[in-house]
Each structure stands twice: as C-alpha cells, then as structure tokens.
Amino acid sequence: MRAVESGGTGVLFLDAEALYRELLKGVRSLVTPQTRLVGVTSGGAWLAERLQVDLQLEGKHGVISSAMHRDDFARRGLSSSAQTVLPFEVNEARIILLDDVLYTGRTIRAVLNELFDYGRPASVQLAVLVDRGGRELPVAADYAAARVSLPDDRLLQLARGEDGRFSFRVESA
C-alpha cells in the first residue's frame, strides 16, 4: 500500500496509479476465458473500462448501478450515475465485479441484487482498489490492491482526470 500522511496535517495520500497497477496484476491472476468484467458506477466502471483494454479482453465490460437496490433508496432516491449496462449474457458467466473503495458492503449487496436481476452467473469475484474496512455486512474482496483505515467521518473517492489517470480525494462525510 502506498499511503502517506503528509506533514502531520491528517491528509492521506494514496497513489491511485500505483494501486491500479497492483489491481491489474491481481485481476490478471483471476481472469479466465469466460471472465466478464463489471464495474460498479462510477469508479468501478472506470476501472473495468481500463482493465478491459490493459488485459486485452475481447468484448465490452459491463457497468452496474446500485441505485435500484440500495437500502437507503427512500432517503437518497435515484442518483444521476450511469445505469446498468451488461453487454453480454450473464447466465453462466464468470464475473469479476470491480469497485474503487470497499467500505460497509452495502453497495456490493445492492449491485449483487441488480446483477442477479439479469441472470445467474457461474461465479462472482470482487476486486477493489482499496478496502477501507468498516464492514456492516459480511462482504469480502477476493483481491484488494490496498487496505487502509480511515475515520468514519471521511469519504475516500476515486477521481479520473481528462487524461484517464486516477487519483483519490479524501473528504469529510
């Protein structure tokens, strides 16, 4: 993990590009000829898009939204994030689900419900850029490029620049 606290200011620095390279290695070890990449909107979708190219996988990656299955839907409503697009047969596919930050597990529960609305995959593995702990549901990543601890009042968000490079923002919740 490449995480640095800068000058006692409480600012956490994570090298998202270095973590992406670790994720690429980890996902490469999970890929089979039947593997389909599915990224959780939006950070996970960015990861899936780039991994699809870097791993030279045929076809297109999928994008999945948690919006319709969130347990806080009544409070949050529909977000403006991308909707689910799965450009392949889900039944019997070996899915690698990608997300930028794994925290409580609630988003993963929601996207699994969404995924099963489209069919019954042969298997689903979870790969994340960062696992920050704090689980509220029994969800674990098959691969995490880094594990970090953050206070509950902080949000860790992946950003993508116009050049396609990744960075992280840490914000107050």
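**Exercise 1. Read the fold along the chain: in what pattern do helices and strands follow one another in this predicted model, and how many of each are there?**

Solution. Start at the N terminus and write down each element as you meet it. You should end up with β-β-α-β-α-β-α-β-α-β-β-β-β. Now tally the letters: the protein has 4 helices and 9 strands. For a feel of how the chain comes together, look at contacts between residues at least 6 apart in sequence: 64% of them join residues at least 24 apart.

**Exercise 2. Find the largest nonpolar core and work out which element gives the most to it.**

Solution. Step one is the core itself, which has 27 residues. Leu23, Val27, Leu51, Leu98, Leu129, Val130 and Phe168 have the most contacts inside it.

Step two is to see where the core residues come from. The elements giving two or more residues are α1 (16-30), α2 (43-54), β5 (94-102), β6 (123-131), β7 (143-147), β8 (154-160) and β9 (166-172). The top contributor is α1, with 7 residues.

Step three is to check for another core. There is a second, separate one of 18 residues, and Val40, Ile64, Ala93 and Val128 are among them.

**Exercise 3. Zoom in on Leu51: which residues does it touch, leaving out those up to four places away in sequence?**

Solution. First place Leu51: it is one of the buried residues of α2, alongside Gly43, Gly44, Ala45, Leu47, Ala48 and Gln52. Then list its partners, namely Tyr20, Leu23, Leu24, Val27, Leu37, Gln56 and Leu98. One of these partners, Gln56, sits just after α2 and takes a positive phi of about 55°.

**Exercise 4. Check the length of α4 (residues 106-117), then decide where its buried residues lie around the axis and what they pack against.**

Solution. Begin with the length. The helix has 12 residues, so at 1.5 Å a residue it should span 16 Å; the end C-alpha atoms are 17 Å apart, which agrees. Try α2 as well: its 12 residues also give an expected 16 Å, and its ends are 17 Å apart, in agreement again.

Next, pick out the buried residues of α4: Ile108, Ala110, Val111, Glu114 and Leu115. They cover an arc of only 160° around the axis, so they are on the same side of α4. Their packing partners are β3 (35-40), β4 (62-64), β5 and β6.

Finally, step past the end of the helix. Just after α4 comes Gly119, with a positive phi of about 150°.

**Exercise 5. What share of the residues is buried, and what does the accessible surface come to?**

Solution. Of the 173 residues, 43% count as buried. The accessible surface comes to about 9,200 Å², and carbon and sulfur atoms account for 48% of it.

Key:
Residues are numbered from 1 along each chain as its sequence is written. This is a predicted model: local features need pLDDT of at least 70, side-chain atom pairs count only at pLDDT 80 or more; totals for chains, interfaces and linings use all residues. Side-chain values use heavy atoms; hydrogens and water are left out. A nonpolar core is a set of buried Ala, Val, Leu, Ile, Met, Phe, Trp, Tyr and Cys residues joined through side-chain atoms within 4.5 Å. Buried means under 20% relative accessible area, exposed over 50%, partly exposed in between (1.4 Å probe, protein chains only). Contact means heavy atoms within 4.5 Å. Accessible areas come from the Shrake-Rupley method with a 1.4 Å probe; for residues, only the protein chains shown count as cover. The expected span of a helix is 1.5 Å times one less than its number of residues. The arc is that of the directions from the helix axis to the C-beta atoms.
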